[in-house]
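Please look through the model below before reading on. The paragraphs after it take the structure a part at a time.

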Amino acid sequence: MTAPIKKAWLEAGCISCQLCQDIAPDVFLVEDGADCVVKPDAARHFTGQADDIEQAAKDCPVEVIKIERS
């Protein structure tokens, strides 16, 4: 079994494509062309939406979504 997600963040270079928000809207937010951010309450979704978060990181065209597992 994979370890649970402990932390998710974005490195510099986001192109505001909104793909991560489309995949995991409870975790990622892109507001009107601004860089994506991890929502303040995102951690409560790390267990239930781990697959979606992983998919968002994998599909990110500029590979700026990072995940740390415990």
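What follows covers confidence, two core positions, the cysteines, a cavity and a loop.

This is a predicted model. The protein has an average pLDDT of 95, and 99% of the residues score at least 70. Confidence is lowest in strand β3, residues 37-38, where the mean is 96. Strand β2, residues 28-29, has the highest confidence, at 98.

A convenient place to begin is helix α2, which runs over residues 50-59 and contains Ile53. The relative accessible area of Ile53 is 0%, so this residue is buried. Which residues does Ile53 touch, leaving aside its neighbours within four places in sequence? Its contacts are Ile5, Val27, Phe28, His45, Phe46 and Ile67. Take Phe28 from that list: Phe28 and Ile53 are 25 residues apart along the chain, and their C-alpha atoms are separated by 8.9 Å.

A second position to look at is Ala8, which belongs to strand β1. Ala8 has a relative accessibility of 10% and therefore counts as buried. With neighbours within four places in sequence again left aside, Ala8 is in contact with Val38, Phe46, Lys66 and Ile67. Phe46 and Ile67 appear here as contacts of Ala8, and they are also among the contacts of Ile53. Gln21 offers another distance from Ala8: the two are 13 residues apart in sequence, and C-alpha to C-alpha they lie 13 Å apart in space.

The cysteines come next. How many disulfides does the model contain? The count is zero, with a disulfide taken as a pair of cysteine sulfur atoms within 2.5 Å. Cys36 is in no disulfide, and the nearest cysteine sulfur to it belongs to Cys20, 3.2 Å away. That distance does not meet the rule, because a disulfide needs the two sulfur atoms within 2.5 Å. Cys36 is buried, with a relative accessible area of 7%. Cys60 is in no disulfide either; for Cys60 the nearest cysteine sulfur is that of Cys17, at 6.1 Å. Cys60 also counts as buried, its relative accessibility being 10%.

Several cysteines turn up again around an internal space. The structure holds one cavity of 30 Å³ or more. The largest cavity encloses about 90 Å³ of space. It is lined by 16 residues, and those closest to its centre are Cys14, Cys17, Cys20, Cys60 and Ile65. What classes of residue make up this lining? There are 14 nonpolar residues and two polar ones, and no charged residues. Cysteine falls in the nonpolar class under the scheme used here.

The last stop is the loop between β1 (5-10) and α1 (19-23), where Ser16 is placed. Gln18 is found in this loop between β1 and α1 as well. What is notable about the backbone here is the sign of phi. Most residues other than glycine have a negative phi. For Ser16, phi is positive, near 55°. For Gln18, phi is also positive, near 70°. Are these two residues buried or exposed to some degree? Ser16 has a relative accessible area of 18% and is buried, because the cut-off for buried is under 20%. Gln18, with a relative accessible area of 31%, is partly exposed.

Notes
Residues numbered from 1 in each chain as written. Predicted model: local features only at pLDDT ≥ 70, side-chain atom pairs only at ≥ 80, totals over all residues. Heavy atoms only, no water. 1 Å grid on protein atoms, 1.4 Å probe; cavity = no way out; pocket = protein on both sides within 12 Å on 5 of 7 lines; lining within 4 Å. Points joined across faces, edges and corners; volume = space filled by probe spheres on them. pLDDT = per-residue confidence, 0-100. Helix = DSSP H or I, 4+ residues; strand = E, 2+ residues; numbered from the N terminus. Buried < 20%, exposed > 50% of the residue type's maximum accessible area, 1.4 Å probe, protein only. Contact = heavy atoms within 4.5 Å.
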